[in-house]
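Hello, and thanks for sharing this one. Here are my notes as numbered points, to read alongside the model.

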Amino acid sequence: MAESKGNLSIGQVAERTGLSVHALRFYEQEGVLVNPVPRDPGGRRVYSEQDVDWLNLCIILRASGMALPEIRRYTELARQGTGNEPERIELLRRHQGEVAARMKQLEQCMDIITFKVRVYEDIIDSADGQSCHAPARLEDEERHRATGPSPQREPSEAM
């Protein structure tokens with residue numbers, strides 16, 4: 001990969017990426033930077049714009065759940081240059097599938113949380129404060145939408 005210009009200190013890179021100085025050193029030690037980080041005459045790290053771009057990609061991969069060994073493997077492939085694109089695609093597609101599965105699970109979680117919020121809003125909005133107009137169970141949600149409020153329940157049934 002071609003070197004790009006930029007003389008950024010570790011503090012500047014930390015500020016631009018949101019990573020701590022400690023995390024930047026850790027990532028360097030773990031081999032997730034494509035290029036070795038050069039040092040100035042005083043021994044301080046000097047980062048490039050390319051390093052910042054790569055770190056931002058690593059941050060996204062990590063935030064999406066990619067394990068550090070997988071990020072390291074992806075970095076190794078990038079370091080090797082052209083010719084291993086099928087391996088990179090395989091690694092990224094596998095991760096893409098994992099992210100999609102997690103998103104589906106999170107969507108189901110959000111549905112349940114949204115449902116429970118509606119249950120409690122109905123309790124608060126009820127005229128007598130003792131009944132709930134939303135079904136207490138998620139399975140009743142479709143029936144609730146189709147037929148209107150379920151029979152009155154005690155607030156304790158709403159959980």
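1. Let me begin with the core side of helix α4. Its buried residues pack against three helices: α2, α3 (49–63) and α5 (85–125). Keep in mind throughout that this is a predicted model.

2. Which residues of α4 are buried? They are L68, I71, Y74, T75, L77 and A78. These are the positions to display if you want to look at the packing of α4 against α2, α3 and α5.

3. The geometry of α4 is also worth a look. This helix covers residues 68–80, 13 residues in total. From its first C-alpha to its last it reaches 18 Å, close to the 18 Å expected at 1.5 Å a residue. Just after α4 comes G81, with a positive phi of about 85°.

4. Now for the overall layout. The protein has 6 helices and 0 strands, so to read it from the N terminus on is to read α-α-α-α-α-α. Of the 159 residues in the protein, 33% are buried. Taking contacts between residues at least 6 apart in sequence, 48% join residues at least 24 apart.

5. Back at the N-terminal end, how do α1 and α2 pack? Their axes are 9 Å apart, at an angle of about 100°. Angles of 65 to 115 degrees count as roughly perpendicular, and therefore α1 and α2 are described as roughly perpendicular to each other. By class, this contact has 5 nonpolar, 1 polar and 1 charged residues.

6. As for who meets whom there, α1 contributes I10, V13, A14 and T17. On the other side, α2 (residues 21–29) brings V21, L24 and R25.

7. T17 deserves a point of its own. T17 sits in helix α1, which spans residues 10–17. Is T17 buried or exposed? Its relative accessibility is 12%, and because buried means under 20%, T17 counts as buried.

8. What does the side chain of T17 do with its polar atom? A polar atom of that side chain lies 2.8 Å from the backbone oxygen of V13. V13 is also among the α1 residues that meet α2.

9. Finally, which residues does T17 touch, leaving aside its neighbours within four places in sequence? The contacts are L24, V52, L55, N56 and I59. L24 appears in the α1 and α2 contact as well. In short, T17 is a buried residue that takes part in the meeting of α1 with α2.

Technical notes: Residues numbered from 1 in each chain as written. Predicted model: local features only at pLDDT ≥ 70, side-chain atom pairs only at ≥ 80, totals over all residues. Heavy atoms only, no water. Helix = DSSP H or I, 4+ residues; strand = E, 2+ residues; numbered from the N terminus. Buried < 20%, exposed > 50% of the residue type's maximum accessible area, 1.4 Å probe, protein only. Polar contact = N/O pair within 3.5 Å; in protein donor to acceptor, adjacent residues only side chain to side chain. Contact = heavy atoms within 4.5 Å. Axes fitted to C-alpha atoms, helices over the stretch in contact; angles between N-to-C directions. Parallel < 35°, antiparallel > 145°, perpendicular 65-115°, else oblique. Nonpolar A, V, L, I, M, F, W, Y, C, P; charged D, E, K, R; others polar. Expected span 1.5 Å × (residues − 1).
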